[in-house]
Amino acid sequence: MNITEVMTSNIETGNLKSSCGEIANMMKNVDVGVIPICENDKLIGLITDRDLVVKGLANNFNTNTQISEMINTDVITGTKYMSVEQASDLMSQHQIRRLPIVENGKLIGMVSLGDLAVSNTSNKETGKVLENISAPAELNK
């Protein structure tokens with residue numbers, strides 16, 4: 001099965017001038033945990049709900065802080081030519097729950113672990129991806 005059959009193609013995006021508050025509201029309104037950051041239609045980074053808390057709130061950033069101060073620009077991407085299995089392997093290898101799909105640098109879709117779970121891929125494969133990306137937290141003693 002091709003990745004385009006399971007990816008979400010209507011994606012809300014932010015830009016480097018978006019504020020933390022704007023991104024948080026986008027996440028709330030579309031019920032997602034990640035917003036791609038694009039400039040001139042090119043994917044330049046991602047911001048997650050966890051980034052907003054760990055990099056933002058924990059560092060006393062406020063809702064007006066520009067997202068450019070905390071985005072992750074080291075983004076693993078897939079292509080529209082990948083199979084679901086290839087995307088699963090890539091997500092597993094890099095321990096990521098979401099995979100932006102790009103064409104010539106332009107964001108054309110997003111695949112999440114949930115998308116893989118509801119596709120026709122085996123539960124075993126989805127379980128393998130989840131197992132590989134989920135490492136138990138280690139508390140400082």
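Student: Which strand gives the most to the lining of the second largest pocket?

Tutor: In this predicted model, β1 gives the most, with 3 residues. Two strands, β1 (34–39) and β4 (106–112), each supply at least two residues of that lining.

Student: What makes a residue part of the lining of the second largest pocket?

Tutor: A lining residue has an atom within 4 Å of a pocket point. For the second largest pocket, 14 residues line the space, and T8, I11, V32, V34 and M110 lie nearest its centre. The volume of this pocket is about 260 Å³.

Student: Which classes of residue are found in that lining?

Tutor: The lining has 7 nonpolar, 4 polar and 3 charged residues.

Student: Why is G33 called buried?

Tutor: Buried means under 20% relative accessible area. G33 has a relative accessibility of 11%, so G33 counts as buried. This glycine lies in the loop between α1 (20–30) and β1.

Student: What makes M27 a contact of G33?

Tutor: Contact means heavy atoms within 4.5 Å, and G33 is in contact with M27. Leaving aside neighbours within four places in sequence, I47, T48, D49 and R98 are also in contact with G33.

Student: How far apart are the C-alpha atoms of G33 and R98?

Tutor: Their C-alpha atoms are separated by 9.5 Å, although the two residues are 65 residues apart along the chain. The contact between G33 and R98 is judged on heavy atoms within 4.5 Å.

Student: How do you know that β3 and β4 pair?

Tutor: Two strands pair if there are at least two bridges between them. β3 (residues 98–103) and β4 have 6 bridges, so they count as paired, in the antiparallel sense. One of the bridge partners is G109 in β4, which is matched with I101. The two strands form a hairpin with 2 residues between them, and N104 in the turn has a positive phi of about 55°.

Student: Where else is there a positive phi of about 55°?

Tutor: Q95, just after α3, takes a positive phi of about 55°. Within helix α3 (residues 84–94), the buried residues are V84, A87, S88, L90, M91 and S92.

Student: How many helices and strands are in the protein chain?

Tutor: The chain has 5 helices and 4 strands, in the pattern α-β-β-α-α-β-β-α-α along the sequence. Of its 141 residues, 40% are buried. The accessible surface comes to about 8600 Å², with 45% belonging to carbon and sulfur atoms.

Key. Residues are numbered from 1 along each chain as its sequence is written. This is a predicted model: local features need pLDDT of at least 70, side-chain atom pairs count only at pLDDT 80 or more; totals for chains, interfaces and linings use all residues. Side-chain values use heavy atoms; hydrogens and water are left out. On a 1 Å grid over the protein atoms alone, a cavity is a set of points where a 1.4 Å probe fits but cannot get out, and a pocket is an open set with protein on both sides within 12 Å along at least five of seven lines; lining residues have an atom within 4 Å of a point. Grid points are joined across faces, edges and corners, and a volume is the space filled by probe spheres set on the points. Ala, Val, Leu, Ile, Met, Phe, Trp, Tyr, Cys and Pro count as nonpolar, Asp, Glu, Lys and Arg as charged, and the others, Gly among them, as polar. Buried means under 20% relative accessible area, exposed over 50%, partly exposed in between (1.4 Å probe, protein chains only). Accessible areas come from the Shrake-Rupley method with a 1.4 Å probe; for residues, only the protein chains shown count as cover.
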